[in-house]
Amino acid sequence: MSAPRAFEREPYLTELSVRVVAAGTDGGRPWAVLDDTVFYPEGGGQPCDQGRLGGVQVLDVRSVDGEIRHVLAAPVPEGPAVARIDWERRFDHMQQHTGQHLLTAIAAERFGWETTAFHLGPETCDIELAVASVSPLDRTRLEEAVAAEIRAARTVSQRRIRAEEVASLPVRTRGLPEGHQGDVRLVEIEGIDLNTCGGTHLRTTGEIEALKVLGTERLRGGTRLFFVAGGRVRRRLAAHEDRSARLRVLLGAPDDALVEALEAKLVQLSAAQKALRSAGDELADSRAEALARSGVPVAEAHFEGHDMAFLLGIGRRFSELPAPGVVFLTASGDGVEAFVLAAGGASAADVQSLGQTVATSLEGRGGGSGKIFQGKGRLAERGSALSVLRERLGALRSADS
Ligand SMILES: [Zn+2]
């Protein structure tokens with residue numbers, strides 16, 4: 001492990017005068033190495049810091065062969081510069097990360113559940129616990145035990161020791177990185193936990209503010225437990241409150257009756273949809289019957305505000321009736337212009353060939369099978385499509401006779 005950097009010595013430091021000692025590009029993106037840095041590189045489950053270096057945006061920070069590369073939006077020349085981290089982002093990470101230390105320690109000490117992984121996401125965090133499941137009661141107990149230690153405002157400190165000393169201390173560790181050399185960094189929550197970690201931490205557990213377990217899911221024989229800490233708890237609660245306020249207005253019910261109110265609405269909606277489908281079927285049937293009764297070679301109708309499904313309902317019914325002609329149906333609604341061509345049960349017309357002709361006339365496209373052809377096109381050309389259709393069917397009839 002190299003000499004401690006500023007983010008390790010002083011995790012509350014937001015700005016530092018530095019020197020750019022090396023610069024380059026990787027995959028077209030410029031990077032810089034500094035003589036010292038306040039930027040934490042991604043590692044141990046904690047995402048990297050972002051911010052500015054000499055006024056240029058720092059997009060990503062990572063350890064490459066023992067040096068810390070700051071990936072930049074634009075090149076920064078070698079020489080002096082000011083490094084400034086996005087403190088809001090960093091403090092959020094410190095709250096989630098320190099919260100995770102506490103959660104992991106209590107899960108292990110009080111419940112015997114070892115943490116096997118930690119993930120700090122942009123919205124939520126999660127740890128993986130080596131236990132098949134966590135009951136709702138245990139979840140509440142875990143959360144309450146964590147809350148008690150947050151209230152106790154226990155000191156969080158860090159120090160370095162020699163690697164060979166680790167074995168003599170009650171250190172919790174998920175293992176040192178492969179090829180680790182030199183000192184080991186320990187993070188201690190007074191009276192609760194001693195852990196190997198290179199991340200950035202709060203001064204006391206009190207600064208975690210609060211930690212809320214959001215839920216659990218089973219994963220690879222273990223349990224993934226989702227949580228948020230600190231400012232995220234307040235932001236999440238604010239979002240829930242906003243949502244509840246809007247739902248109260250929409251559903252006309254108080255918070256504790258929102259779910260029942262929505263369930264009742266969904267039942268009503270389902271019944272209304274069923275009634276609407278049934279009415280739609282009846283309407284399609286009566287339209288198809290009226291069009292079939294007209295007995296003309298090409299019956300036609302346009303339906304404003306209807307869709308393809310409606311046209312197909314009429315077309316299918318028409319094809320079942322003993323009509324001698326075809327029906328040309330169009331609809332427009334929601335910016336879609338659709339058509340259906342269907343032949344009556346007593347018609348010998350080649351609907352697929354006629355449909356292609358109609359699609360061409362409408363400058364559109366379509367397809368189908370048997371007595372039904374469906375497609376989309378420009379209904380501004382509806383009149384000419386109808387003329388072509390009448391012409392083709394007139395010619396067919398004169399050829400028949
Ligand atoms: Zn840590």
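This text walks through a predicted model of one protein chain, from its overall confidence and domains to its helix packings and a few single residues.

The protein chain has a mean pLDDT of 92, and 96% of its residues reach 70 or more. Among the elements, strand β13, covering residues 222–229, has the highest mean pLDDT, at 98. The lowest value belongs to helix α8, residues 382–400, with a mean of 79.

The chain is divided into three parts: domain 1 spans 6–85, domain 2 spans 91–238 and domain 3 spans 280–400. Between the C-alpha centres of domain 2 and domain 3 there is a distance of 67 Å. A pair of arginines gives another distance across the model. Arginine 390 and arginine 110 are 280 residues apart in sequence, and their C-alpha atoms are 84 Å apart in space.

The helix packings can be taken in sequence order, starting with α2 and α3. Helix α2 covers residues 87–111 and helix α3 covers residues 136–151; they pack at an angle of about 120 degrees, with their axes 10 Å apart. At that angle α2 is oblique to α3, because angles over 145 degrees count as roughly antiparallel and those from 65 to 115 as roughly perpendicular, which leaves this one in the oblique class. The crossing of these two helices, α2 and α3, is right-handed. On the α2 side the meeting residues are Leu102, Leu103, Ile106, Ala107, Arg110 and Phe111. Their counterparts in α3 are Asp138, Leu142, Ala145, Val146 and Glu149. Arg110 of this contact is the arginine 110 whose distance to arginine 390 was given above.

The next packing is that of α4 and α5. Helix α4, residues 231–251, packs with α5 at an angle of about 45 degrees, and their axes are 10 Å apart. That makes α4 oblique to α5. The crossing of α4 past α5 is left-handed. From α4 the contact uses Ser244, Leu247 and Leu251, and from α5 it uses Leu258, Ala261, Leu262 and Lys265. Two of these residues can be followed further: lysine 265 and leucine 251 are 14 residues apart in sequence and 8.5 Å apart in space, C-alpha to C-alpha. Lysine 265 sits in helix α5 and counts as partly exposed, since 13 C-beta neighbours lie inside 10 Å.

Helix α5 also packs against α6. The axes of α5, residues 258–293, and α6, residues 308–320, come within 8 Å and cross at roughly 50 degrees. The two helices α5 and α6 are therefore oblique to each other, and their crossing is right-handed. In this contact α5 supplies Gly280, Asp281, Ala284, Asp285, Arg287, Ala288, Leu291 and Ala292. These meet Phe310, Gly313, Ile314, Arg317 and Phe318 in α6.

Glutamate 320 also lies in helix α6. With 14 C-beta neighbours inside 10 Å, glutamate 320 is partly exposed. Glutamate 320 is separated from lysine 371 by 51 residues in sequence, while their C-alpha atoms are 9.4 Å apart in space.

At the end of the numbered elements discussed here is helix α8, which holds arginine 390. The surroundings of arginine 390 contain 15 other C-beta atoms within 10 Å, so this residue is partly exposed. Once its neighbours within four places in sequence are left aside, arginine 390 is in contact with Pro297 and Val298. Helix α8 is also the element with the lowest mean pLDDT, 79.

Two loop residues remain, each with a positive phi. Arginine 220 is in the loop between β12 (211–219) and β13. Its phi is near 45 degrees, a positive value in a residue other than glycine. Because 9 C-beta neighbours lie inside 10 Å, arginine 220 counts as exposed. Glutamate 363 belongs to the loop between α7 (351–361) and β17 (365–369). For glutamate 363 phi is near 55 degrees, again a positive value in a residue other than glycine. Glutamate 363 has 11 other C-beta atoms within 10 Å and is therefore exposed. Both counts fall in the class of 12 or fewer that defines an exposed residue.

Methods: Residues are numbered from 1 along each chain as its sequence is written. This is a predicted model: local features need pLDDT of at least 70, side-chain atom pairs count only at pLDDT 80 or more; totals for chains, interfaces and linings use all residues. pLDDT is the predictor's confidence in each residue, from 0 to 100. Helices (H or I, at least four residues) and strands (E, at least two) are DSSP runs, numbered from the N terminus. Domain bounds come from an automatic or database domain assignment. A residue is buried if 20 or more other C-beta atoms lie within 10 Å of its own, exposed if 12 or fewer, and partly exposed in between; C-beta atoms are placed from the backbone. Two residues are in contact if their C-beta atoms, placed from the backbone, lie within 7 Å. Axes are lines fitted to C-alpha atoms, for helices over the stretch in contact, and angles run from 0 to 180 degrees between N-to-C directions. Angles under 35 degrees count as roughly parallel, over 145 as roughly antiparallel, 65 to 115 as roughly perpendicular and the rest as oblique. A crossing is left-handed if the near helix is turned anticlockwise from the far one by less than a right angle, and right-handed if clockwise.
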